[in-house]
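Me: Please take a close look at one part of this model, the place where its nonpolar side chains are buried, and set it beside what lies around it. I would like one connected account, with the reasoning behind each statement about burial or exposure.

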Amino acid sequence: MNGFEYLKPGIVLGSILYALIGVLVFWISFVIIDKLTPYKLWEEIVEHKNMALAVVVAAMCISIGQIVAAAIHG
């Protein structure tokens, strides 16, 4: 039974809670960055097909995700 320590209810619920907190922090960060830019990021990417902006937003998403993961894990 030692190999299944991670399946304890407390550990599973803690992981779910941290995942939800991470997603919430990520979403709030994206909204703040969207408000700081002079145009709507989603509209610019989807409607105007701005690939350069899509790459920048993707890099930003990965960066914010890594920061959130490091903050939760560490």
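Reply: Helices here are DSSP runs of H or I with at least four residues, numbered from the N terminus. The model is a predicted one, and every statement below should be read with that in mind.

The part to look at is the largest nonpolar core, which is made of seven residues: Phe30, Leu41, Leu53, Val57, Met60, Ile64 and Val68. Helix H3, spanning residues 51–73, supplies the largest share of this core, namely five residues.

Methionine 60 is a useful member to follow, since this core residue is placed in helix H3. Its relative accessibility is 16%, and it therefore counts as buried, the cut-off for that term being under 20%. Once neighbours within four places in sequence are set aside, the contacts of methionine 60 are with Phe30 and Ile33. Of these two partners, Phe30 is itself listed in the core. For isoleucine 33, the C-alpha atom lies 9.4 Å from that of methionine 60, although 27 residues separate the two along the chain.

Helix H3 also carries a residue with the opposite exposure. Valine 55 is located in this helix, yet its relative accessible area is 55%, so it is classed as exposed, a term that requires over 50%. Between valine 55 and isoleucine 45, which are 10 residues apart in sequence, the C-alpha to C-alpha distance is 9.6 Å.

Ahead of H3 comes a loop that joins it to helix H2 (41–46), and lysine 49 sits in this loop. Lysine 49 is not a glycine, but its phi is positive, at about 55 degrees; with a relative accessible area of 62%, this lysine is exposed. Within helix H2 itself lies tryptophan 42, which is likewise exposed because its relative accessible area reaches 63%. The C-alpha atom of tryptophan 42 is 18 Å from that of valine 23, a residue 19 positions away along the chain.

Helix H1, residues 9–36, holds tryptophan 27, and here too a nonpolar side chain is found on the surface: at 54% relative accessibility, tryptophan 27 counts as exposed. It belongs to a nonpolar surface patch with Leu24, Ile28, Ile32 and Leu36, and together these five residues have about 560 Å² of accessible area.

A record offers some context for these exposed nonpolar residues, without settling anything about them. An unreviewed UniProt entry lists residues 12–33 and 53–72 under "transmembrane region", and such annotations may be inferred rather than shown by experiment. In the model, the stretch 12–33 is 100% helix and 0% strand, with 32 Å between the C-alpha atoms at its ends.

Definitions and conventions: Residues are numbered from 1 along each chain as its sequence is written. This is a predicted model: local features need pLDDT of at least 70, side-chain atom pairs count only at pLDDT 80 or more; totals for chains, interfaces and linings use all residues. Side-chain values use heavy atoms; hydrogens and water are left out. A nonpolar core is a set of buried Ala, Val, Leu, Ile, Met, Phe, Trp, Tyr and Cys residues joined through side-chain atoms within 4.5 Å. Buried means under 20% relative accessible area, exposed over 50%, partly exposed in between (1.4 Å probe, protein chains only). Helices (H or I, at least four residues) and strands (E, at least two) are DSSP runs, numbered from the N terminus. Contact means heavy atoms within 4.5 Å. Patches are made of residues with over 30% relative accessible area and no salt bridge: like charges are joined within 9 Å, nonpolar side chains (Val, Leu, Ile, Met, Phe, Trp, Tyr) within 5 Å. Accessible areas come from the Shrake-Rupley method with a 1.4 Å probe; for residues, only the protein chains shown count as cover. A salt bridge is a side-chain nitrogen of Lys or Arg within 4 Å of a carboxyl oxygen of Asp or Glu.
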